[in-house]
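Open the model in your viewer and keep the selection panel handy. We will go from one stop to the next, picking residues and looking at what surrounds them.

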Amino acid sequence: MTIDKSLKVRSALVRARSVLSRAERIEKLKAADRWTEEESPLGLAKVRVYKLQMKKKKKEKKEEEGTGKAKKK
């Protein structure tokens, strides 16, 4: 069965992942000079995954006040 379009979550693939693949962990360790080609890809060191949070944009009060005063006159 298929899922109805109204029930699909658009942000399901956007959220941050808490687990990296082995290749992604090796890339991060190489960037930090903590892994060389001679080492085994098994038993890799832990790699911190940073979660990014988007800050909400606040509407400027000046624009709201400016439009409100213009309408009153």
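Begin with the salt bridges: the count comes to 1 in this predicted model. To see the pair, select Glu37 and Lys30 and show their side chains; the closest N and O atoms of this salt bridge are 2.8 Å apart. Side chains of opposite charge can pair when their charged atoms come close. Now colour the two partners by accessibility. Glu37 is exposed, at a relative accessible area of 57%, while Lys30 has 39% and counts as partly exposed.

Next, zoom out to the whole protein chain. A cartoon view will show you 2 helices and 0 strands. Switch on the surface, and you are looking at about 8,200 Å² of accessible area, with 54% of that belonging to carbon and sulfur atoms. How much of the chain is buried? Of its 73 residues, buried ones make up 7%.

Now select Arg22, which you will find in helix α1. Is this residue buried, partly exposed or exposed? Its relative accessible area is 49%, so Arg22 is partly exposed, the exposed class being over 50%. Add Pro41, Leu42 and Leu44 to the selection: Arg22 touches these three, once residues up to four places away in sequence are set aside. Pro41 deserves a second look. Although Arg22 and Pro41 are 19 residues apart along the chain, their C-alpha atoms are separated by 7.7 Å. Follow the side chain of Arg22, and you will see that it reaches the backbone oxygen of Pro41 at 3.3 Å.

Stay with helix α1 and move on to Lys28, which also lies there. Which residues is Lys28 in contact with, leaving aside its neighbours within four places in sequence? Show Leu20 and Val47, and you have them both. Draw a distance between the C-alpha atoms of Lys28 and Val47: you should read 7.4 Å, for residues 19 apart along the chain. Lys28 itself has a relative accessibility of 41% and counts as partly exposed.

For the last stop, select Asp33. Where does this residue sit? Look in the loop that runs between α1 (22-31) and α2 (61-72). Check the backbone here: Asp33 is not a glycine, yet it has a positive phi of about 55°. Most residues other than glycine have a negative phi. Turn the surface back on to finish, and Asp33 shows up as exposed, with a relative accessible area of 69%.

Definitions and conventions. Residues are numbered from 1 along each chain as its sequence is written. This is a predicted model: local features need pLDDT of at least 70, side-chain atom pairs count only at pLDDT 80 or more; totals for chains, interfaces and linings use all residues. Side-chain values use heavy atoms; hydrogens and water are left out. Helices (H or I, at least four residues) and strands (E, at least two) are DSSP runs, numbered from the N terminus. Buried means under 20% relative accessible area, exposed over 50%, partly exposed in between (1.4 Å probe, protein chains only). Accessible areas come from the Shrake-Rupley method with a 1.4 Å probe; for residues, only the protein chains shown count as cover. Contact means heavy atoms within 4.5 Å. A salt bridge is a side-chain nitrogen of Lys or Arg within 4 Å of a carboxyl oxygen of Asp or Glu. A polar contact is a pair of N or O atoms within 3.5 Å; within protein, one must be able to donate a hydrogen and the other to accept it, and residues adjacent in sequence count only if both atoms are side-chain atoms.
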